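Biologist: Please take a close look at one part of this model with me, and explain each term as you go. I am new to this, so a slow walk would be welcome.

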Amino acid sequence: MRTPTTRPEPSRLIATTGARVILVEANAGAAKTTTLALRIGESLARGMPAAGMLALVFTEEAREVMRRRLVEMGIAPPLAAAVRVETFDSLAQAVLQAYE
């Protein structure tokens, strides 16, 4: 008979790691957006400036969900809006526009 162990859920481990840069890869429906929102919330709580953050997501829908979840987590709307949440396409477009 196996004895259950108490381990933190993966989302919490990612959210609280001290690493400056993280990559979250998982299948659809695996809570990637929630995990990133937790990480952003933890980083803001530790004093990291919102303007220094970039979260990359795949779809516009995920982008809007991310913004909404940050506010739902209790992050003040102006602070949540200061976090740069981009799709890969929108980030690439912003980079290209900056250098034209």
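Modeller: Happily! A residue counts as buried when its relative accessible area is under 20%, as exposed when that area is over 50%, and as partly exposed in between (1.4 Å probe, protein chains only). This is a predicted model, in which local features need pLDDT of at least 70 and side-chain atom pairs count only at pLDDT 80 or more, while totals for chains, interfaces and linings use all residues. Residues are numbered from 1 along each chain as its sequence is written, and side-chain values use heavy atoms, leaving out hydrogens and water.

Let us set the scene before zooming in. The protein has 5 helices and 2 strands (DSSP runs numbered from the N terminus: H or I with at least four residues for helices, E with at least two for strands). Read from the N terminus, their order is α-α-β-α-α-β-α. Of the 100 residues, 29% are buried. Among contacts (heavy atoms within 4.5 Å) with a separation of 6 or more, 63% link residues 24 or more positions apart.

Our close look is at helix H3, residues 60-72, and its surroundings. Start with Ala62, which sits in H3. Ala62 counts as buried because its relative accessible area is 17%. What does Ala62 contact, once neighbours within four places in sequence are left aside? The partners are Thr33 and Val57. Thr33 lies 29 residues away along the chain, yet the C-alpha atoms of Ala62 and Thr33 are separated by 6.9 Å.

Thr33 belongs to helix H2, so follow that link to the helix pair. Two packed helices are described by the angle between their axes and the distance between the axes. For H2 (residues 32-45) and H3, the angle is about 45° and the axes are 10 Å apart. Here axes are lines fitted to C-alpha atoms, for helices over the stretch in contact, and angles run from 0 to 180 degrees between N-to-C directions. H2 and H3 are therefore oblique to each other (under 35 degrees is roughly parallel, over 145 roughly antiparallel, 65 to 115 roughly perpendicular, and the rest oblique). On the H2 side, Thr33, Thr34, Leu36, Ala37 and Ile40 meet Ala62, Val65, Met66, Arg69 and Leu70 of H3. Sorted by class, this contact holds 7 nonpolar, 2 polar and 1 charged residues (Ala, Val, Leu, Ile, Met, Phe, Trp, Tyr, Cys and Pro are nonpolar; Asp, Glu, Lys and Arg are charged; the others, Gly among them, are polar).

Another residue of H3 is Glu64. Glu64 counts as partly exposed because its relative accessibility is 43%. Its C-alpha is 9.7 Å from that of Glu86, 22 residues away in sequence.

Now for the other partner of Ala62, Val57. Val57 and Ala55 form the covered face of strand S1 (residues 54-57), whereas Leu54 and Leu56 form the uncovered one. S1 runs parallel to strand S2 (residues 84-87), joined by 4 bridges (strands pair if DSSP finds at least two bridges between them). Leu54 stands opposite Arg84 of S2.

Finally, Phe58 lies in the loop between S1 and H3. With a relative accessible area of 69%, Phe58 is exposed. Beyond its neighbours within four places in sequence, Phe58 contacts Thr87 and Phe88.
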